[in-house]
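Reader: I would like a close look at a single part of this model, with the side chain, its cover and its contacts taken together. Please set that part against the rest of the chain afterwards.

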Amino acid sequence: MRVITSENVAEFVQDGTLDVQDGWTLAPSALEYLRRNRIRFAGEESRRAAAAAAADLVVITVEGIDKPGIIAAVASEVARQQGNITDLSQTILAGVFVMVLVVDMSRTDGYDAVVEGLGRVGDEIGMEISVRLYSVYEAMHRI
């Protein structure tokens with residue numbers, strides 16, 4: 001199987017459109033590049049490849065009173081589970097820490113394991129951590 005990744009995705013884009021050919025699959029990490037560059041999907045095969053890649057992505061939100069070690073604790077759990085952080089944003093507003101991560105969980109033991117592990121971390125560090133499938137956000141964007 002040949003994989004289109006964030007490193008080589010630009011090679012498959014022509015005139016702002018991605019065309020995934022038979023025998024190729026789209027890695028979850030390539031979706032962020034496509035989203036940021038507002039690239040469309042050509043044909044049903046490309047849409048199927050994007051949906052399959054999105055199935056392995058989750059959006060994680062972390063929020064609570066700021067304290068040292070939040071990013072380290074969350075990132076450590078993601079790494080322990082063999083997840084890959086593909087995007088991260090964090091800020092502190094009036095002492096409230098807020099972080100959003102996009103994680104490729106294709107090498108983890110799955111969604112339930114990720115939710116369970118991050119739930120444990122949230123309890124340990126006193127933060128609210130939620131995990132949602134990326135595909136849910138994609139569906140909401142299309143409505």
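Author: S46 is buried, its relative accessible area being 0%, and in this predicted model the residue belongs to helix α2, which covers residues 43-54. Leaving aside residues up to four places away in sequence, the contacts of S46 are with L18, D19, V20 and F41. One of these partners, L18, also offers a polar atom to the serine, for the backbone oxygen of L18 lies 3.2 Å from a polar atom of the S46 side chain.

A second serine can be described in the same terms. S130 is placed in strand β9, residues 128-133, and with a relative accessibility of 19% it counts as buried, because the limit for that class is under 20%. The side chain of S130 makes a polar contact of 2.4 Å with the side chain of T61, and another polar contact, of 3.0 Å, joins the side chains of S130 and R132. When residues up to four places away in sequence are not counted, S130 touches V59, I60 and T61, so that T61 appears both in this list of neighbours and in the polar contact of 2.4 Å.

Aromatic rings give a further view of the fold. The count comes to 1 aromatic pair, formed by F12 and W24, whose ring centres lie 4.7 Å apart with 65° between the planes, an edge-to-face arrangement. Because F12 lies in the loop between β1 (2-4) and β2 (13-14), while W24 lies in strand β4 (residues 24-26), the pair ties together parts that are 12 residues apart in sequence. F12 is buried at a relative accessible area of 18%, whereas W24, at 23% relative accessibility, counts as partly exposed.

As for the rest of the chain, the protein has 5 helices and 9 strands, and from the N terminus on the elements follow the order β-β-β-β-α-β-α-β-α-β-β-α-β-α. The C-alpha trace spans about 45 × 30 × 30 Å along its principal axes, and 38% of the 143 residues count as buried. Among contacts between residues at least 6 apart in sequence, 59% join residues at least 24 apart. The accessible surface comes to about 8,400 Å², with 51% of it belonging to carbon and sulfur atoms, and the protein carries 13 positive and 21 negative side chains, the centres of the two sets lying 4 Å apart.

Note on methods: Residues are numbered from 1 along each chain as its sequence is written. This is a predicted model: local features need pLDDT of at least 70, side-chain atom pairs count only at pLDDT 80 or more; totals for chains, interfaces and linings use all residues. Side-chain values use heavy atoms; hydrogens and water are left out. Rings of Phe, Tyr and Trp (its six-membered ring) pair if their centres lie within 6.5 Å; planes under 30 degrees apart count as stacked, over 60 as edge-to-face and the rest as tilted. Helices (H or I, at least four residues) and strands (E, at least two) are DSSP runs, numbered from the N terminus. Buried means under 20% relative accessible area, exposed over 50%, partly exposed in between (1.4 Å probe, protein chains only). A polar contact is a pair of N or O atoms within 3.5 Å; within protein, one must be able to donate a hydrogen and the other to accept it, and residues adjacent in sequence count only if both atoms are side-chain atoms. Contact means heavy atoms within 4.5 Å. Accessible areas come from the Shrake-Rupley method with a 1.4 Å probe; for residues, only the protein chains shown count as cover. Lys and Arg count as positive and Asp and Glu as negative; His and the chain ends are not counted. The place of a charge is taken as NZ of Lys, CZ of Arg, CG of Asp or CD of Glu.
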